[in-house]
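Work through the exercises below with the sequence and the model side by side. Try each task before reading its solution.

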Amino acid sequence: LSFVSSKYFEETIETGFTKFILWLGITISLLLFGMVLSLTRSHRQAIALANMTLDLEKANIGLKKEIMERKQAEESLHKEQHFAYSLIQTAQTIILLLDTTGHIVSINPYLEDISGYTLKEVQGKDWFSTFLPEYTRNFLRELYSKAISDVQTRGNVSPIVTKDGRE
């Protein structure tokens, strides 16, 4: 058995094979180009995502630092408030808190001791009519009005009226 080929047959095979190889090469090149293009986009997206992640991590670190600083400030403020409260509670002088209308918000234990009133008894009552002698009320009410209106005033010493009516 022998195989005989003609020149035409060989040219057809070679030309067809060459075209096929060429077509295959172009197709593979296009596929590779598409993959490279896709990878390039993915790479850019990955870089953008990494940059965003880094920015978020930096912001998170900043927020953690700010939260820590606020907690420290709150703790410091709490300690200062506790200290101030302790001073008010133990001071051997009259300390009271009035609202803008002159009604009692709070008094310290020293005022409770010397007046005979408890905070519960006087809270919400008018300071001027509850604790001050009648002959000083108008003057001291005017002085208080000026003081809460940011008008410079001088201190004033006045007697108080105790629960049993003594000055």
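The exercises go from the whole chain to single residues, and each solution proceeds in steps.

This is a predicted model, in which local features need pLDDT of at least 70 and side-chain atom pairs count only at pLDDT 80 or more, while totals for chains, interfaces and linings use all residues. Residues are numbered from 1 along each chain as its sequence is written, and side-chain values use heavy atoms, with hydrogens and water left out.

**Exercise 1. The chain as a whole**

Find the secondary structure of the protein chain and the order of its elements along the sequence.

Solution. Begin with the elements, where helices (H or I, at least four residues) and strands (E, at least two) are DSSP runs numbered from the N terminus. The protein chain has five helices and two strands, and along the sequence they follow the pattern α-β-β-α-α-α-α. Next consider burial, for which buried means under 20% relative accessible area, exposed over 50% and partly exposed in between, with a 1.4 Å probe and protein chains only. Of the 167 residues in the protein chain, 14% are buried.

**Exercise 2. The hairpin**

Determine in which sense strand 1 and strand 2 pair, and describe the turn between them.

Solution. Two strands pair if DSSP finds at least two bridges between them. Strand 1 (96–98) and strand 2 (residues 104–107) pair in the antiparallel sense over three bridges, and the partner of Leu-96 in one bridge is Ile-107 in strand 2. The two strands form a hairpin with five residues between them, and Gly-102 in the turn has a positive phi of about 90°. The loop between the strands also holds Thr-101, which is partly exposed at 48% relative accessibility. Leaving aside neighbours within four places in sequence, Thr-101 is in contact (heavy atoms within 4.5 Å) with Asp-126 and Arg-141. Although Thr-101 and Asp-126 are 25 residues apart along the chain, their C-alpha atoms are separated by 8.1 Å.

**Exercise 3. The nonpolar core**

Identify the residues with the most contacts inside the largest nonpolar core, and the helix that supplies its largest share.

Solution. A nonpolar core is a set of buried Ala, Val, Leu, Ile, Met, Phe, Trp, Tyr and Cys residues joined through side-chain atoms within 4.5 Å. The largest one has 13 residues, and those with the most contacts inside it are Ile-104, Leu-111, Val-122, Trp-127, Phe-128 and Phe-131. Strand 2, helix 4 and helix 5 each supply at least two residues of this core, and the largest share, three residues, comes from helix 4. For Phe-128, the contacts beyond four places in sequence are with Gly-102, Arg-137, Leu-140, Arg-141 and Tyr-144.

**Exercise 4. An aromatic pair**

Classify the pair formed by the rings of Tyr-117 and Phe-131.

Solution. Rings of Phe, Tyr and Trp (its six-membered ring) pair if their centres lie within 6.5 Å, and planes under 30 degrees apart count as stacked, over 60 as edge-to-face and the rest as tilted. By this rule there are three aromatic pairs. In one of them, the ring centres of Tyr-117 and Phe-131 are 5.2 Å apart and the planes stand at 70°, so the pair is edge-to-face. This pair links distant parts of the chain, since Tyr-117 lies in the loop between helix 2 (109–115) and helix 3 (119–122) and Phe-131 in helix 4 (residues 127–131), 14 residues apart. Tyr-117 is buried at 16% relative accessibility, and Phe-131 is buried at 0%. Together with Trp-127, these two residues form one aromatic cluster.

**Exercise 5. Helix 5 and the residue after it**

Check the span of helix 5, then describe its buried residues and Asp-150.

Solution. The expected span of a helix is 1.5 Å times one less than its number of residues. For the 15 residues of helix 5 (residues 134–148) this gives 21 Å, which agrees with the 22 Å between its end C-alpha atoms. Thr-136, Leu-140 and Tyr-144 are buried in helix 5, and their cover includes strand 1 and helix 4. Just after helix 5, Asp-150 takes a positive phi of about 65°, although Asp-150 is not a glycine. Asp-150 is exposed, with a relative accessible area of 74%.
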